[in-house]
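Let's take a walk through a protein together, starting with the whole chain and ending with a few single residues. Have a look at the picture first, and keep it beside you as you read.

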Amino acid sequence: QRAAIAKMVSVSFYFGGIDLNAFKSCFGVTLEQVFAPEIEFLRKNGLMQYEKDRFQMTKLGKQNFGGVVALFY
């Protein structure tokens with residue numbers, strides 16, 4: 001399941017972020033339950049932010065796309 005989660009997250013980043021409701025629906029857990037340290041790092045460093053029901057890349061996150069994706073694999 002961890003590999004499937006990582007794949008969904010990385011593909012979602014090509015669209016700029018993760019639909020939090022779709023994530024929970026697919027895997028039965030929240031993104032935060034699986035990736036709490038990664039989310040904290042990304043938010044603290046201004047690479048991603050919450051926007052409505054999405055965890056979305058910021059402009060800085062898009063500039064560092066490869067590094068952001070690598071945190072989830």
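Contacts are a good place to begin. Among the contacts in the protein chain with a separation of 6 or more, 48% are between residues 24 or more positions apart. Keep in mind that you are looking at a predicted model.

What are the building blocks? The secondary structure of the protein chain consists of five helices and three strands. If you trace the chain from the N terminus, you meet these elements in the order α-β-α-α-β-β-α-α. The radius of gyration is 11 Å, close to the 11 Å that the globule rule gives for 73 residues, so the protein chain is as compact as a globular protein of that length. Along the principal axes, the C-alpha atoms fill a box of roughly 30 × 25 × 20 Å.

Now think about inside and outside. Of the 73 residues in the protein chain, 40% are buried. The chain exposes about 4500 Å², and carbon and sulfur atoms supply 55% of that area.

Next, find the strands. Strand 3 covers residues 54-57 and runs antiparallel to strand 1, with three bridges joining the two. One pair to look for is Asp19 and its bridge partner in strand 3, Arg54. Strand 3 also pairs with strand 2 (residues 48-51), again in the antiparallel sense, over four bridges. Here you can spot Met48 standing opposite Met57 of strand 3. Strand 2 and strand 3 form a hairpin with two residues between the strands, and in this hairpin Lys52 takes a positive phi near 55°. As you look at the strands, remember a general pattern: in a regular strand, side chains alternate between the two faces of the sheet.

Let's finish at the start of the chain. Ser10 lies in helix 1. Is Ser10 buried or exposed? With a relative accessible area of 10%, Ser10 is buried, because buried means under 20%. Leaving aside residues up to four places away in sequence, Ser10 touches Val69 and Tyr73.

A little further along, Tyr14 sits in the loop between helix 1 (2-13) and strand 1 (17-19). Tyr14 has a relative accessibility of 63%, so it counts as exposed, the cut-off being over 50%. Together with Val11 and Phe15, Tyr14 makes a nonpolar surface patch of about 400 Å². Try to find those three residues on the surface, then go back to Ser10, which is buried.

Definitions and conventions. Residues numbered from 1 in each chain as written. Predicted model: local features only at pLDDT ≥ 70, side-chain atom pairs only at ≥ 80, totals over all residues. Heavy atoms only, no water. Patch = residues over 30% accessible without salt bridge, like charges linked within 9 Å, V, L, I, M, F, W, Y side chains within 5 Å. Areas by Shrake-Rupley, 256 points an atom, 1.4 Å probe, with all protein chains shown as cover. Salt bridge = Lys/Arg side-chain N within 4 Å of Asp/Glu carboxyl O. Buried < 20%, exposed > 50% of the residue type's maximum accessible area, 1.4 Å probe, protein only. Contact = heavy atoms within 4.5 Å. Rg over C-alpha atoms; globule rule 2.2 N^0.38 Å. Pairing = 2+ DSSP bridges.
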